[in-house]
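Thank you all for coming. I would like to walk through one structure this morning, starting with its aromatic residues and then moving outward to the fold.

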Amino acid sequence: MKHLMKRPIFFLLSFFMLGSVLTGCIFIEEMDYGPHGRDGKAYFGIDYDTFEPYSYWDNNPSLPNTPWFGEMYRSSPGTYNFEYFINQDEYWYGTYTLRVNHGQPGQANNMPGLDGTDTYLLLICNRNGFYFEDWENCACTRTSTEDSQTIEMDHGDYKFSIEMKKTTVRERTPLGNNKLQ
């Protein structure tokens, strides 16, 4: 009978030992994350306010040889050179950089990440250089003199930078053939 009393105590102790071991274990459940959101697209175009530029050139292959003023063209992100003449002798030249808004990472439970919003740059070929329609509310960094401008914009739909200088054909030889005639 003494032997039978030891057995329930053994089972009881074994049960408590097993319970304490199992409560000390952490079970990790692997989460499935959804796909990354798509990157936004970049769009670029040229326009003018009062006087149509005499000519325009840039090395962005997404822009047609004869672009329409005010029309936006889908472009690859990157840095491009440009020149636009305000008359036969004077012109602005420089670079513009187009950036995209990247898509967000995927979420738990296979939820896809949010897509990045599209970005836009409409280069206003003004006689006095580039301008943004609402400088006061512009979330940008801008430095300018009479013959030089640098603009950095990184805000939602506008994600670009422009560096440009005004010159003459006597001071600098133009780089490209005109896309406008």
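Tyr 91 is buried, because its relative accessible area is 0%, where buried means under 20%, exposed over 50% and partly exposed in between, with a 1.4 Å probe and protein chains only. Tyr 93, in contrast, is partly exposed at 21%, and Arg 172 lies over the face of Tyr 93, at 3.7 Å from the ring centre. For such a placement, NZ of Lys or CZ of Arg must be within 6 Å of the ring centre and within 35 degrees of the ring normal. A second case is Arg 127, which lies over the face of Phe 51 at 4.3 Å from the ring centre.

Before going on, I should say that this is a predicted model, in which local features need pLDDT of at least 70 and side-chain atom pairs count only at pLDDT 80 or more, while totals for chains, interfaces and linings use all residues. Residues are numbered from 1 along each chain as its sequence is written, and side-chain values use heavy atoms, leaving out hydrogens and water.

Now to the ring pairs. Rings of Phe, Tyr and Trp (its six-membered ring) pair if their centres lie within 6.5 Å, with planes under 30 degrees apart counted as stacked, over 60 as edge-to-face and the rest as tilted. By this rule there are eight aromatic pairs. One of them joins Tyr 48 and Phe 69, whose centres are 4.9 Å apart and whose planes stand at 85°, so the pair is edge-to-face. Ring pairs also link Phe 44, Tyr 80, Phe 82, Tyr 84 and Tyr 96 into a cluster.

Turning to the core, the largest nonpolar core, a set of buried Ala, Val, Leu, Ile, Met, Phe, Trp, Tyr and Cys residues joined through side-chain atoms within 4.5 Å, has 24 residues. Those with the most contacts inside it are Phe 44, Tyr 56, Tyr 96, Leu 123, Phe 130 and Ile 162.

As for the fold, the protein has one helix and nine strands, these being DSSP runs (helices H or I, at least four residues; strands E, at least two) numbered from the N terminus. Lys 159 is in strand E9, residues 158-168, and it counts as buried because its relative accessibility is 17%. The side chain of Lys 159 makes a polar contact with that of Asn 101, at 3.1 Å; the term covers a pair of N or O atoms within 3.5 Å, where within protein one must be able to donate a hydrogen and the other to accept it, and residues adjacent in sequence count only if both atoms are side-chain atoms.
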